[in-house]
Every structure is written in C-alpha cells, then in structure tokens.
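Please look over the sequence and the structure shown here before reading on. The report that follows goes through a few sites in turn, with short headings.

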Amino acid sequence: MTCPTCRSVAFFEALECAQCLTPLGFHAPSTTMSEVRPAGVPINGRTWVACSNRGWGCNWLLADDEGSGRCAACRLIRRQPDADDTMAWEKLADTAVDLRRLLVQLDEIGLPVVGWHEREGGLGFDLLSSRTANTPVLIGHANGIITIDLVESLADHRESIRVRLGEPYRTMLGHFRHEVGHYYEWILVESAGDATLLESCRRLFGDERASYTDALDRHYRLGPPADWQTTYISEYATMHPWEDFAECFAHYLHIQGTLATAASAGLVLKADRVPQLLTEDVEPGLDYGDRTVDQILDDWRVLAIFFNRVNRAMGHADLYPFTIPDPVTRKLAFVHRVIGSVRS
Ligand SMILES: [Zn+2]
Ligand SMILES: [Zn+2]
Ligand SMILES: [Zn+2]
C-alpha cells in the first residue's frame, strides 16, 4: 500500500505516513490507504471517517452512514476490558492489530465474515485479560465467539507458557489463526449439511464427536504419541480432531500470508544464484486460489528454508520451525478445498 500524499510505502498498521506524516486510514473494501480528515474523505460515493477507536491505535475507516462509530473490525469485538482497566487496554491495542491483520487475510483469501451482531452464531471476539481480578480467561472458540487472553500479548508471559508446553511457536496472531480455524470448521464443514464433505474431514482428521474432555485429560497426562511427527503438524494437533483441523488451518494461513507478503515485496528466488537449492526460479504468489496445495508447498518449502536462514543470520530461532509430512499435506489440501468452495 502507498501513502496517498507522497506515494511512499505505507504498512497496514500505520496511523501516519513515516515520510510526510499524513494521517492514514485503512479503507478495507479496497485495501488501500487514504488520508484521514475530520470531515471525512469521499471514496466510491460514500464518506469515510476514522474509527472511534483510533485513540488506541485502530487505523481503519468506516462509512459515515453505517450508524456506528466503530469500524468493521472493532464491531466484531463483543467484549473488552472495562474502560478503567488501563493495563488491559494497552494489551488490547496490541492484540487488535493482530485481529485486523487476520481480518485482512480472511478477506484476501475470500473467506466470509458475518459478525455476531449480524447473525446468531456470527463471528465475534471476547478480548479479555486474565490479570483483571476474578476473571479466568480460557482461549477458545464457542458458537462463533473467539475468546483471547490479552495477557498473551506480554512476551515474557507467552514465552514462559511456550517453553512449559514445549511449543516451537506461540504468537497472538497464531492464536487468532488457530481459533478462527475452529470457527470455519464449524460453519463450513460441520454445519454445511454436506455428508460427503464431513466424511472426508473425519477420514483425514478423525471423528470430531470423540470426547473432548477425555482427549484433553489424556493429552496432558500422557503427551502426544511417540511418532506424532509422521502424521501431525504439532503436538497439540494430536489431542483431538478439532485441534488437528485448527492447527492445519492456522498453518494454511501462516503459509499463505507469508508467501503473499514476500510476493508483495517483489521477492523472487533466482535459480542461477542458488543452483544447489533450485532448478527453477521461485516466485511466491499473492493469491494461490487457483493453484494446488502442492504448488503452494513447493514454493513454501524453499521460502521457509530461506526465511529460516535469514532469522538465523540475526541470531533468532527459525521463522517456521515445522516440517510438513505427507499426511499433513493432505490435510492442508482439504483446508484449501474448503476455502476454495466458498471463495467470494
Ligand atoms: Zn506520505
Ligand atoms: Zn476500528
Ligand atoms: Zn483449539
């Protein structure tokens, strides 16, 4: 995206242009950046104004005839900390950046988003803090509502849980991508009324009617099966068929989103520069909607090696600390097919 005033690059979370300081607002329907003006800016016949949450970092615009002060992203937030809980509100601002990143990606790949305020069972977010007195907060999904613990936005807290659970990767964006996977399995597979689709899903991921409580208990008592790497993307995915689907869905979004970001920067890996790695140029795509999962993963395996080395060059751990065995490729192909069937 570019600044409308000086045409320099504008990143999607920017509140103002780093070069010319023009106040920037994100126009979601066209995924473009616009100037923000108090009286609004005309775009495609409507007047667009800043979201009322701009004070804590939301840079989205909304049409002034929408009958709300909050943008389409902020309207999906069903519950948030009380206004006087300033500690929690700082974390809410950080967390909402990841929420908006998720929503842009869902739109890019054509997944429908119908809000909890528009329909019973629509998508909504309870963004709450477990450090607020007397509020246990369990990250999860139920009937369209995704609950997120804002404390997970604190690096030390998140890292201590990551180490304790032996996870190679744990981020707030990762939580959003995983939980929204539960939501889409529920609306696009389980409630779709397509018995063949549901049967294919059960063949790949297992029968989701298995007791979740028993699965949870077994997982934390015994851990994953010894050879889990041959059929699962993560230890957590082994716990229950729902978790396997949500983990695969999250990885689909990780891979697609990272490839699209590389593509938007014009990145191409040239085979003649790295003949030991490549037989032909690798040009990541902005959109893989009309390609197969094998084509996505062919690009990804090379890019992941490259990004992992880039991270190592800075002394960080691998960007993508996972390997994808063939059974997981088939699960990702199912996710790709389900998304492809509803692409708008
Ligand atoms: Zn500018
Ligand atoms: Zn907003
Ligand atoms: Zn889950």
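Are H182 and E243 buried or exposed? In this predicted model, H182 is buried, and E243 is buried as well.

## The site of ligand 3

Both of these residues belong to a metal site, for the zinc ion (ligand 3) has as its protein donors H178 through NE2, H182 through NE2 and E243 through OE, which lie 2.0 to 2.1 Å from the ion. Read along the chain, these donors follow the spacing H-x3-H-x60-E. The pair formed by H182 and E243 links distant parts of the chain, since H182 sits in helix 3 (residues 172-190) while E243 sits in helix 6 (residues 241-264), 61 residues apart.

## The site of ligand 1

The zinc ion (ligand 1) is held by the SG atoms of C3, C6, C17 and C20, which coordinate the ion at 2.3 Å. The angles among the 4 donor atoms run from 106 to 113°, and the site is tetrahedral. In sequence, the donor residues are spaced C-x2-C-x10-C-x2-C. Because C6 and C20 both lie in the segment before strand 1 (24-27), at positions 14 residues apart in sequence, the pair ties together parts of the chain with that separation.

As for accessibility, C6 is partly exposed, with a relative accessible area of 32%, and C20 also counts as partly exposed, at 31% relative accessibility.

## The site of ligand 2

The zinc ion (ligand 2) is coordinated by the SG atoms of C51, C58, C71 and C74, at 2.2 to 2.4 Å. Around this ion the 4 donor atoms subtend angles of 106 to 115°, and the arrangement is therefore tetrahedral. The spacing of the donor residues in sequence is C-x6-C-x12-C-x2-C. Of these donors, C71 is buried, and C74 is buried too.

## The nonpolar cores

In soluble globular proteins, nonpolar side chains tend to be buried together. Here the largest nonpolar core has 78 residues, of which F125, L127, V180, F249, W300 and I324 touch the most other members. Helix 1 (residues 86-108) supplies the largest share of this core, with 9 residues.

One of the residues named above, F249, can be followed in more detail: leaving aside its neighbours within four places in sequence, F249 is in contact with L111, R177, V180, G181, Y184, V335 and I339. There is also a second, separate core, made up of 6 residues and including V36, I43, W48 and L61.

Notes:
Residues numbered from 1 in each chain as written. Chains lettered and ligands numbered in written order. Predicted model: local features only at pLDDT ≥ 70, side-chain atom pairs only at ≥ 80, totals over all residues. Heavy atoms only, no water. Donors = N, O, S within 2.8 Å, 3.2 Å for Na, K, Ca; no water. Tetrahedral: all angles 85-135°; square planar, octahedral: opposite > 155°, others 65-115°. Helix = DSSP H or I, 4+ residues; strand = E, 2+ residues; numbered from the N terminus. Buried < 20%, exposed > 50% of the residue type's maximum accessible area, 1.4 Å probe, protein only. Core = buried A, V, L, I, M, F, W, Y, C linked by side-chain atoms within 4.5 Å. Contact = heavy atoms within 4.5 Å.
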